[in-house]
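Trainee: Before we start, can you take me through how the calls around the ligand are made?
Mentor: Sure, here is the model.

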Amino acid sequence: MTRARLVVLVSGAGTNLQALIDASKDPQYPADVVAVGSDRPDIEALARAEEAGIPSFVTDVSQFQRRAQWDSSLADHVATFAPDLIVLAGFMKLNGPSFLARFPDRVINTHPALLPSFPGMHGPRDALQHGVTVTGCTIFLVDEGVDTGPIVAQAAVEVMPGDSEEALHMRIKEKERQLLVQTVAKMVTTPYHVVERKVVWS
Ligand code: GRF
C-alpha cells in the first residue's frame with residue numbers, strides 16, 4: 001500500500017493533528033503526516049510535530065507586505081512536500097485564491113458545528129446561545145468563503161443541560177478527532193468529485 005501524504009496546517013493546540021499522527025502509527029492507516037505548517041511560532045501543535053519527528057514550517061502573515069504574497073508563499077511551502085491532501089486543523093487564517101487553485105478539491109477543514117449553521121470563529125458558543133439541542137462537527141472542502149465549502153462528513157453531538165462553551169467544545173472535539181481520522185482515510189482511498197456542492201464517492 002502506498003500511503004498518502006498529508007500536510008497539516010495548524011494555529012493552536014493541535015489535538016486534531018495529534019489524532020492524525022497517532023492514527024498514522026498504525027501500519028494499516030493509509031496516510032502519513034509528512035509536514036506541519038503554521039501561521040505563527042511557539043504553539044503546542046508545532047511542539048507535537050517536533051515530538052513526532054515531523055518537519056514543520058511557519059509562514060507568518062506579518063512577514064509579508066501583501067496577503068496574496070503570504071498566500072502564495074504558504075502554497076509554495078506546502079507544495080514542497082507533495083501532499084495528496086492538505087488538512088486545516090485549527091488553522092486560523094483564510095487560504096486565498098492562489099493557494100486553493102494550486103490544490104483543487106484537496107484542502108479540507110474541520111469546524112466545530114454542523115454547517116451551514118454557526119460558521120466562523122465561535123461555533124460552539126453560537127450554537128449554545130441559539131439554544132440548539134444537537135450540534136456537532138463538519139469536515140468540508142475549503143473554498144474561498146468562511147466555512148462554506150462542500151461538506152464531506154458530519155457527526156452530531158448532543159448539547160447537555162447547563163453546558164458551558166468549553167465543555168461542549170471539548171465533547172465536540174472528541175468526535176471531531178475521530179471523524180477527521182476516518183474521513184481522511186476515506187478521502188485518500190476512495191476517489192471523489194464534487195457535483196453541485198455534493199461530494200460524490202466513486
Ligand atoms: C477545532 O475544534 C477546530 O474545529 C477549530 O479549532 C479547534 C482546533 O483544535 N477550528 P486543535 O488545535 O486541533 O486542538
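Trainee: What makes the Asn16 side chain a polar contact of the ligand?
Mentor: An N or O atom in the side chain of Asn16 is 2.8 Å from an oxygen atom of the ligand. A polar contact is a pair of N or O atoms within 3.5 Å, so Asn16 qualifies. The side chain of Thr15 also has an N or O atom, 2.6 Å from a ligand oxygen, and a backbone N or O atom of Thr110 lies 3.1 Å from one.

Mentor: One caveat: this is a predicted model, where local features need pLDDT of at least 70, side-chain atom pairs count only at pLDDT 80 or more, and totals for chains, interfaces and linings use all residues. Residues are numbered from 1 along each chain as its sequence is written, and side-chain values use heavy atoms, with hydrogens and water left out.

Trainee: Why are Gly90 and His169 put in the shell around the ligand?
Mentor: A residue is near a molecule if one of its heavy atoms lies within 4 Å of it. Gly90 and His169 are among the residues surrounding the ligand, so each has such an atom.

Trainee: Which element gives the most to that shell?
Mentor: α6, with three residues; helices here are DSSP runs of H or I, at least four residues.

Trainee: How do you know where the ligand sits?
Mentor: It sits in the largest pocket, which means that more than half of its atoms lie within 2 Å of the pocket's grid points.

Methods. A polar contact is a pair of N or O atoms within 3.5 Å; within protein, one must be able to donate a hydrogen and the other to accept it, and residues adjacent in sequence count only if both atoms are side-chain atoms. On a 1 Å grid over the protein atoms alone, a cavity is a set of points where a 1.4 Å probe fits but cannot get out, and a pocket is an open set with protein on both sides within 12 Å along at least five of seven lines; lining residues have an atom within 4 Å of a point. Helices (H or I, at least four residues) and strands (E, at least two) are DSSP runs, numbered from the N terminus.
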